[in-house]
Amino acid sequence: ESEEMKMAVSNNMNILNAVRSRMSTEYQANVPVATASNLNDVYSTILNNESTINALIPALTDLIIMQSVTSGIFENPLRGLKQNEMPFGLTEQEIFVNFAEGIAHNPRATCEDAFGIYEAYIMSAYHRINFNKDYPVTIWYDDIRTAFASEFGLKSLINAKSQAIISGASHDEYVNMIGLVESAYNAGACYPVHLSAAVNSEETGNELIKNIQTFVGHMAFPHREYNFAGSDAISMRENLIILTTPEVMASINVDTLAGAFNLDKKDLMARIVVTDGFPNQPGIQAALADRRFFKVRDQYRLMTTDRLNMPLRYNLVYHVKEMFSYSPFYPLIVFTTDSVDVTALAVTISGDIGGSAVTQYTSGSQQEFYVNTTTTPNTAGTPRGLRYKITGNTSAMTMMVPGTNKLLVAADETGSLTITVTSAYKTGVTKAATLTKKA
């Protein structure tokens, strides 16, 4: 029977023996196997030998915190949406390839047609590691001495210390993941759906369920308006999750909601993430998301121990480095009591980001421009997904870079360019700007 199995009864003797089995031969030579009859001698050996006490603290941390501490620790309810670790690099390039566009069959196709280049509609987004925090807690030499006085003192001591640092890290992760929904909402990077009232009754609960059921059905097909970049993403039921609050859950019929997913009640509950609410956007009642919307990845989680000899203390530090981002290619449908709409667009063209408006381009070399658009209203929750169309161009290489507001004017362009911008949320709202060739 292994020492780890014996540690199922987490008294001091079993913990010390489990630690000993992992330690160096030097430690094992200094510290005998603990028994009921020699336990006090083992304590004295550890406390009075600098090398053994210094080796014991990090070993306890590894054995107890990283393996067996669960109770009393805050767990991030959104952790299931995290993606694989990203152990190297600071930036992830996310690539999405849209559907190919069909062309009419031509039985008289030329060699140029046969060997032509047909570019895929490829879009990319970049996500960076943007969270790097340390969570420290101190264990004093006297803490260990006191822990030896109680049969289960070591486990209690390490549990108490670990709860502070691991719960702190988990809570920060939770807050940041909820913040991704709020950030997307603030930036107009989601598809908002207006609810007539807060969900607090059977009637308002049924309104929410009906809306969810409708979007679950539609999201199985490509809807460019549902995501910020205008991709052809398809979200099957198995990729969809619902984020909501305890108040909303108390007002909806879960059996009816399960029908929207073609699942039984038990399986549906695995798709629902109950959060403590959306503190910065209280109007949000629920969100329906493709789990691929969340770009949350660990770079590392590391526990270290710093020894300070003079004050006789040890600092445990939980290091967490993560990426918190969201994908513009997958849908986030937000159900809110806020009034959401787009009534007008204003469009200008500039030679650089945030630059002055221009109306002319110079032929003879490729030029880059930015199509700048503001929405009315220009408030949080206003959907800002835009679609661009160019007319009047004489070169096929004059184009908008997919998924961006960057305009490329080809070197051989000579036409008068009209760039029409349309709200993805409300296709009747459009605005155009023109670039002419400089004489």
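**Figure 1. E75 pairs up with R79.** E75 is partly exposed, with a relative accessible area of 43%. Here buried means under 20%, exposed over 50% and partly exposed in between, using a 1.4 Å probe and protein chains only. R79 is also partly exposed, at 45%. The two side chains meet in a salt bridge, 3.2 Å from N to O; the term stands for a Lys or Arg side-chain nitrogen within 4 Å of an Asp or Glu carboxyl oxygen. Side chains of opposite charge can pair when their charged atoms come close. The model is predicted, so to speak of a local feature takes a pLDDT of at least 70 and to count a side-chain atom pair takes 80 or more, while totals for chains, interfaces and linings use all residues. Numbering starts from 1 along each chain as its sequence is written, and side-chain values use heavy atoms, with hydrogens and water left out.

**Figure 2. D298 has two salt-bridge partners in view, K82 and R301.** D298 reaches K82 with closest N and O atoms 3.0 Å apart. D298 sits in strand β8 (residues 294–308) and K82 in the loop between α5 (50–68) and β1, so this pair ties together parts that are 216 residues apart in sequence. Helices (H or I, at least four residues) and strands (E, at least two) are DSSP runs numbered from the N terminus. The D298–R301 bridge also has its closest N and O atoms 3.0 Å apart. D298 counts as buried, at 9% relative accessibility, whereas R301 is partly exposed at 28%. Follow the shared partners and you get one network of K82, E173, D298, R301 and E322. Over the whole structure, the search turns up 16 salt bridges.

**Figure 3. The largest pocket, with Y121 among the residues nearest its centre.** This pocket holds about 950 Å³ of space. The search runs on a 1 Å grid over the protein atoms alone: a pocket is an open set of points with protein on both sides within 12 Å along at least five of seven lines, a cavity is a set where a 1.4 Å probe fits but cannot get out, and lining residues have an atom within 4 Å of a point. Points are joined across faces, edges and corners, and a volume is the space filled by probe spheres set on them. Of the 31 lining residues, Y121, M400, V401, P402 and G403 lie nearest the centre. Elements giving two or more residues to the lining are β13 (367–376), β14 (386–391) and β15 (399–400); β14 gives the most, with five. The lining splits into 15 nonpolar, ten polar and six charged residues, where Ala, Val, Leu, Ile, Met, Phe, Trp, Tyr, Cys and Pro count as nonpolar, Asp, Glu, Lys and Arg as charged, and the others, Gly among them, as polar.

**Figure 4. The largest cavity, lined by 13 residues.** It encloses about 70 Å³ of space. The lining residues closest to its centre are C190, E225, N227, P383 and G385. By class, the lining has eight nonpolar, three polar and two charged residues. The whole structure has three cavities of 30 Å³ or more.

**Figure 5. Helix α2 is mostly covered.** The helix spans residues 12–20, and eight of its nine residues are buried. Among them are I15, L16, A18 and V19, along with N12 and R20. Another buried residue to look at is L157, at 12% relative accessible area, which is found in helix α8 (residues 153–186).

**Figure 6. M397 on the loop between β14 and β15.** M397 counts as exposed, at 55% relative accessibility. Its C-alpha is 24 Å in space from that of E94, and the two are 303 residues apart in sequence.

**Figure 7. Backbone oddities at P377, N262 and L312.** Most residues other than glycine have a negative phi, and most peptide bonds are trans. T376 and P377 are joined by a cis peptide bond, with omega about 0 degrees, and P377 lies in the loop between β13 and β14. N262 isn't a glycine, yet has a positive phi of about 55 degrees. You'll find N262 in the loop between α11 (254–261) and α12 (265–269), exposed at 62% relative accessible area. L312, not a glycine either, has a positive phi of about 55 degrees. L312 belongs to the loop between β8 and β9 (313–326) and is partly exposed at 46%.
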